[in-house]
Amino acid sequence: ERVLGSDQRFGEFDLRIVTYDPWNATALATQLQNTTTVSDDLVKEGEAILLTFTKVRGEAFERTIKVANDLSARMGGDLTDAIRKVGVALQDPERGLRGLRTAGVIFSDSQKDVIKNLVETGQQAKAQDIILSALEKRYRGTAEAARNTLGGALAGLKNAFGDLFEGDGDNSGPIKAINELSKVLQDPALKAGISALISGLAQIA
């Protein structure tokens, strides 16, 4: 059985060591696609990567996906790269915290000492909470804010179109309709009309 369904891209994982519900993984991917600029497929790819970090489980798993999405939106990087960066910090804080410096998250010496002590005393979850809380404080909401821009809205539309054509059905009809719509949108007369409308609205505002 596969953690994220039958998609071979996500590889094989042993469900006995995974405490993150596969249904929740799919639901989270859908949620992030609907509210940010990433596609659900990219989120699922990131979830599969995070599953390789064996110490990141439970609540920390979902928080990591979300904060990595915010981090990538702020830094302009790829979601999967951000997930790896945060995953390393949670799996091996002593090594991973150095990597987070490039994301602008710098922990004080006292914080590092607390995190190190928690890890050494078997309190990995508490150490992870400190790290995730610091990232959330700095970046939470960044990905959703990016969605509420023109570029973000267009990215969301692109993702929605991608979902529309998933599957093995006959897409010849929709493809033809979209091609016809593209021709209409390229009509110089339509462009001039939209430009005039926008200018008129701007003057009213």
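Select helices α2 and α4 in this predicted model. α2 covers residues 40-50 and α4 covers residues 79-91. Their axes lie 9 Å apart and meet at an angle of about 25 degrees. Angles under 35 degrees count as roughly parallel, so α2 and α4 are roughly parallel to each other. The crossing of the two helices is right-handed.

Next, show the side chains where the pair meets. On α2, pick Leu42, Val43, Glu45, Gly46, Ile49 and Leu50. On α4, pick Leu79, Thr80, Ile83, Arg84 and Gly87. Coloured by type, the residues of this contact divide into six nonpolar, three polar and two charged.

Now keep α4 alone. This helix has 13 residues, and the distance from its first C-alpha to its last is 18 Å. That is close to the 18 Å expected at 1.5 Å a residue.

Which residues of α4 are buried? Select Leu79, Thr80, Ala82, Ile83, Val86, Gly87, Val88, Ala89 and Leu90. An α-helix has 3.6 residues a turn, so residues three or four places apart point the same way.

Bring the surroundings back to see what lies over the buried residues of α4. The cover includes α2, α3 (59-75), α5 (93-100) and α7 (124-139).

Finish on α3, the helix that holds glutamate 62. Glutamate 62 has a relative accessible area of 27%, and is therefore partly exposed. From glutamate 62, draw a distance to leucine 50, C-alpha to C-alpha: the two are 9.9 Å apart in space and 12 residues apart in sequence. Leucine 50 also belongs to the α2 side of the contact with α4.

Key:
Residues are numbered from 1 along each chain as its sequence is written. This is a predicted model: local features need pLDDT of at least 70, side-chain atom pairs count only at pLDDT 80 or more; totals for chains, interfaces and linings use all residues. Side-chain values use heavy atoms; hydrogens and water are left out. Axes are lines fitted to C-alpha atoms, for helices over the stretch in contact, and angles run from 0 to 180 degrees between N-to-C directions. Helices (H or I, at least four residues) and strands (E, at least two) are DSSP runs, numbered from the N terminus. Angles under 35 degrees count as roughly parallel, over 145 as roughly antiparallel, 65 to 115 as roughly perpendicular and the rest as oblique. A crossing is left-handed if the near helix is turned anticlockwise from the far one by less than a right angle, and right-handed if clockwise. Contact means heavy atoms within 4.5 Å. Ala, Val, Leu, Ile, Met, Phe, Trp, Tyr, Cys and Pro count as nonpolar, Asp, Glu, Lys and Arg as charged, and the others, Gly among them, as polar. The expected span of a helix is 1.5 Å times one less than its number of residues. Buried means under 20% relative accessible area, exposed over 50%, partly exposed in between (1.4 Å probe, protein chains only).
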